[in-house]
Amino acid sequence: MELDKAIKNRHSVRKFKDKKPSWKTIIECMDSIRYAPMAGNNFTLKLILVDDSKKINTIAKACQQSFVSKAKYVVVICSDPSRPKNLYEQRGEIYVRQQAGAAIQNLLHKLEESNLSTCCVGHFVEDQIKRELKIPNKIQVEAVFPIGYEYGEPKRKTKIDMDRILYFNTYKNKKMKNPKKLNV
Ligand SMILES: Cc1cc2nc3c(=O)[nH]c(=O)nc-3n(C[C@H](O)[C@H](O)[C@H](O)COP(=O)(O)O)c2cc1C
């Protein structure tokens with residue numbers, strides 16, 4: 001699938017078919033996380049693939065979102081912020097979150113390309129997830145991804161207009177000075 005298609009077709013899915021995805025495909029998708037940019041090339045992410053239904057139920061409860069429990073697989077993405085924090089102090093904390101986001105986007109696009117669906121779940125009681133998955137204290141849970149095949153017709157949201165978010169040279173300036181005629 002072309003990147004453009006994967007970007008534009010991706011959407012959050014909260015209803016899954018009963019059909020179980022192949023764990024190999026999911027791991028292939030998770031592999032894309034390794035290619036994300038990392039500040040100072042310090043890789044901070046740890047990935048947990050969960051297929052134990054009891055654990056998935058506990059994760060769903062920690063998220064207070066029952067649709068999570070309907071997935072046959074859940075990927076939990078964590079970060080170890082120690083090195084970036086030591087190296088870059090406060091900025092390091094920001095970098096850890098930014099690189100998690102970049103890595104997550106790789107995962108989302110690869111899942112889309114593999115016809116698998118998910119929803120980035122960021123609302124959860126972190127301690128409950130940590131306890132269930134034996135995640136050490138110093139590791140932070142970034143997000144939870146229930147994975148499956150979409151049930152029903154895809155519902156796509158209208159996306160924000162470019163006009164509302166694009167400025168030129170200075171914040172809020174909506175006009176590009178002396179725009180060059182494009183030769184297209
Ligand atoms: C950081 C983050 C946290 C999110 N947390 C949740 C969540 O806890 N539960 C949920 O149902 N969706 C969650 N979402 C999904 C958003 O609701 C969804 O991306 C948004 O409505 C746009 O829809 P789309 O993904 O279909 O484009 C989260 C998304 C992001 C990026």
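## Exercises on a predicted model

In strand S4, the residue that forms a bridge with Thr118 is Ile147. This pair belongs to a predicted model, and the exercises below work outwards from it.

**Exercise 1.** Work out in which order the four strands lie in the open sheet, and which of them stand at the edges.

*Solution.* Begin with the pair just named: strands S3 and S4 run antiparallel and are joined by two bridges. Next, take S4 together with S2, which are also antiparallel and are connected through seven bridges; one example is Val75, whose partner in S4 is Phe145. Then add S1, which pairs with strand S2 (residues 73–79) over six bridges, again in the antiparallel sense, and here Val50 stands opposite Val74 of S2. Putting the pairs in a row gives the order S1-S2-S4-S3 for the open sheet, with antiparallel pairing. Strand S1 (45–50) and strand S3 (117–118) each have a single partner strand, so they stand at the edges, and one side of each is left without a neighbour in the sheet. As background, the strands of a sheet pair through backbone hydrogen bonds, and the pairing can be parallel or antiparallel.

**Exercise 2.** Explain why strand S4 can be called largely enclosed by the rest of the structure, and find which helices pack against the sheet.

*Solution.* Start by counting buried residues: seven of the nine residues in S4 are buried, and therefore the strand is largely enclosed by the rest of the structure. Now turn to the helices, where helix H4 (residues 82–113) lies across S1, S2, S3 and strand S4 (140–148), and runs at about 155° to S2. Helix H5 (residues 126–133) packs on the sheet as well, touching S1, S2 and S4, and its direction makes about 75° with that of S4.

**Exercise 3.** Describe the largest nonpolar core, and state which element supplies the largest share of it.

*Solution.* The largest nonpolar core holds 38 residues, and those with the most contacts inside it are Ile59, Val74, Val76, Val144 and Ile147. At least two residues each are supplied by helix H2 (23–31), S1, helix H3 (53–63), S2, H4 and S4, while the largest share, eight residues, comes from H4. To see the core from one position, take Val76 and set aside its neighbours within four places in sequence: it is in contact with Ile48, Val50, Ile129, Leu133, Val141 and Val144. A general tendency fits here, since in soluble globular proteins nonpolar side chains tend to be buried together.

**Exercise 4.** Decide whether Cys29 is buried or exposed, and name the residues with which it is in contact beyond its neighbours within four places in sequence.

*Solution.* First locate Cys29, which has its place in helix H2. A residue is buried when 20 or more other C-beta atoms lie within 10 Å of its own; Cys29 has 24 C-beta neighbours inside 10 Å, so it counts as buried. Beyond its neighbours within four places in sequence, Cys29 is in contact with Leu107, Lys110, Leu111, Ser114 and Leu116. Finally, the C-alpha atoms of Cys29 and Glu113 are separated by 9.0 Å, although these residues are 84 apart along the chain.

**Exercise 5.** Identify the residues around the ligand and sort them by character.

*Solution.* The residues around the ligand are His11, Ser12, Arg14, Gln65, Cys119, Cys120, Val121, Gly122, His123 and Lys157. Sorting this shell gives three nonpolar, five polar and two charged residues.

Terms used
Residues numbered from 1 in each chain as written. Predicted model: local features only at pLDDT ≥ 70, side-chain atom pairs only at ≥ 80, totals over all residues. Pairing = 2+ DSSP bridges. Contact = placed C-beta atoms within 7 Å. Axes fitted to C-alpha atoms, helices over the stretch in contact; angles between N-to-C directions. Core = buried A, V, L, I, M, F, W, Y, C linked by C-beta atoms within 7 Å. Buried ≥ 20, exposed ≤ 12 C-beta atoms within 10 Å, placed from the backbone. Near = placed C-beta within 6 Å. Nonpolar A, V, L, I, M, F, W, Y, C, P; charged D, E, K, R; others polar.
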